[in-house]
Amino acid sequence: MNIISFEGIEGVGKSTQIDLLKKFLEKNSKEVEIYREPGSTLSGEKIRDILLDDQYDLSSKTELLLMFSARSELVNKKINNSSADYILLDRFFDASLAYQGYGRDLSLQFIKSLIDFIDCPIPDLSILIDISVEEGFARKINDKIDRIESSGNVFFNKVRDGYLEIAKNNEDRFIIIDGSNTIEEIHNDIIQNINL
Ligand code: TMP
């Protein structure tokens, strides 16, 4: 089984690229499952609702622990039981390092210990789609802004820089793609990195 995670700030086009990659893989007779984080299990989706609902004023530590609660369910109920050829993840543990670690200034070391604690598998490939915070949010201008999205540009610039640092420190599994390219160009870049 191959695990591919997609990462990046809001508005980079992860979902579009995940759908295109799924179609490409299925055309090549591969079985594909897609999961989003937080979410994709019964309890994980409820946790997601709490995390994104702006009526809750969650502390950063609560936010982190809820992310890992949802993730633990996803790992144990879905990923570990999967017989698919490819699992495509719309975010995974690198998102907690970027958002809660770099963005909210929580300990990266502690977050890494949570990754170990819930036995997270390491993705075979992680795709960071990178664009500026301004461009990302300009693409979401008509969407309702959720609790995390309302964290402001200073926060999102820390998240973006964090992602770039994580990718640099994990060159063996990360590729960085310029998210200001066309949908087609990005898709072609991605499939260059898939060994069927
Ligand atoms: P999205 O799926 O629409 O991108 O929403 C998920 C939000 O949760 C997004 O703002 C990123 C954030 N997030 C974290 O802060 N930490 C995490 O570990 C994950 C998986 C997501």
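Biologist: How far does a polar side-chain atom of R48 lie from an oxygen atom of the ligand?

Modeller: Keep in mind that this is a predicted model. A pair of N or O atoms counts as a polar contact within 3.5 Å. R48 has a polar side-chain atom that meets this cut-off with a ligand oxygen, the distance being 3.3 Å.

Biologist: And R71, how far is an N or O atom in its side chain from an oxygen atom of the ligand?

Modeller: R71 is listed with E10, R91, S96 and Q100 as the closest of the 13 residues around the ligand. Its side chain puts an N or O atom by a ligand oxygen, at 2.9 Å.

Biologist: What share of the ligand's exposed area does the protein bury?

Modeller: Start with S96, which has a polar side-chain atom 2.6 Å from an oxygen of the ligand. On its own, the ligand would expose 480 Å². Of that area the protein covers 92%.

Biologist: E10 is on that list of closest residues too. Why is E10 classed as buried?

Modeller: In sequence terms, E10 sits in the loop that runs from strand 1 (2-7) to helix 1 (14-27). The cut-off for buried is under 20% relative accessible area. E10 counts as buried because its value is 9%.

Biologist: Which side chain does E10 join in a polar contact of 2.3 Å?

Modeller: Leaving out neighbours within four places in sequence, E10 is in contact with R91, Y99, G136, F137, K140, E149 and F156. From the other end, Y99 has E10 among its contacts, along with R91 and F156. The side chain that shares the 2.3 Å polar contact with E10 belongs to Y99.

Biologist: Y99 seems worth a second look. Which helix gives the most residues to the largest nonpolar core?

Modeller: That core has 58 residues, and Y99 is named with I4, L21 and I127 as touching the most other members. The biggest contribution, 7 residues, comes from helix 3 (residues 60-78).

Biologist: On to the rings. Why is the pair of F92 and F93 called tilted?

Modeller: There are 6 aromatic pairs in the model. For F92 and F93, the ring centres are 5.2 Å apart. Their planes meet at 45°, so the label is tilted.

Biologist: Are F92 and F93 buried or exposed?

Modeller: F92 has a relative accessible area of 0%. F93 comes out at 4%. With the cut-off at under 20%, F92 is buried and F93 is also buried.

Biologist: What about F137 and F156: at what angle do their ring planes stand?

Modeller: The centres of these two rings are 4.9 Å apart. Planes over 60 degrees apart count as edge-to-face. The F137 and F156 pair is edge-to-face because its planes stand at 70°.

Biologist: How many residues apart in sequence are the parts that this pair ties together?

Modeller: F137 is part of helix 6 (residues 133-138), while F156 is part of helix 7 (residues 153-169). Both F137 and F156 are buried. The pair therefore links parts separated in sequence by 19 residues.

Biologist: Which residues form one aromatic cluster?

Modeller: F137 and F156 are both in it. Y99 is in contact with F155, F156 and Y163, among others. The full cluster is Y99, F137, F155, F156 and Y163.

Biologist: Now T41. Which residue's backbone nitrogen does its side chain reach?

Modeller: T41 is in the loop between strand 2 (32-36) and helix 2 (42-52), and it is buried, at 8% relative accessible area. Beyond its sequence neighbours up to four places away, T41 touches E73, L74, K77 and K78. Its side chain reaches a backbone nitrogen at 2.8 Å, that of G44.

Biologist: Which peptide bond is cis, with omega near -10°?

Modeller: Look in the loop between strand 2 and helix 2, where P38 is placed. The cis bond is the one from E37 to P38.

Biologist: Last one: what is the phi of D105?

Modeller: D105 lies in the loop between helix 4 (93-103) and helix 5 (108-117), and it counts as exposed at 57% relative accessibility. S29, in the loop between helix 1 and strand 2, is a non-glycine residue with a positive phi of about 65°. D105 is not a glycine either, and its phi is positive, near 65°.

Conventions:
Residues numbered from 1 in each chain as written. Predicted model: local features only at pLDDT ≥ 70, side-chain atom pairs only at ≥ 80, totals over all residues. Heavy atoms only, no water. Core = buried A, V, L, I, M, F, W, Y, C linked by side-chain atoms within 4.5 Å. Buried < 20%, exposed > 50% of the residue type's maximum accessible area, 1.4 Å probe, protein only. Helix = DSSP H or I, 4+ residues; strand = E, 2+ residues; numbered from the N terminus. Contact = heavy atoms within 4.5 Å. Polar contact = N/O pair within 3.5 Å; in protein donor to acceptor, adjacent residues only side chain to side chain. Near = heavy atom within 4 Å. Areas by Shrake-Rupley, 256 points an atom, 1.4 Å probe, with all protein chains shown as cover. Phe/Tyr/Trp six-rings, centres within 6.5 Å; stacked < 30°, edge-to-face > 60°.
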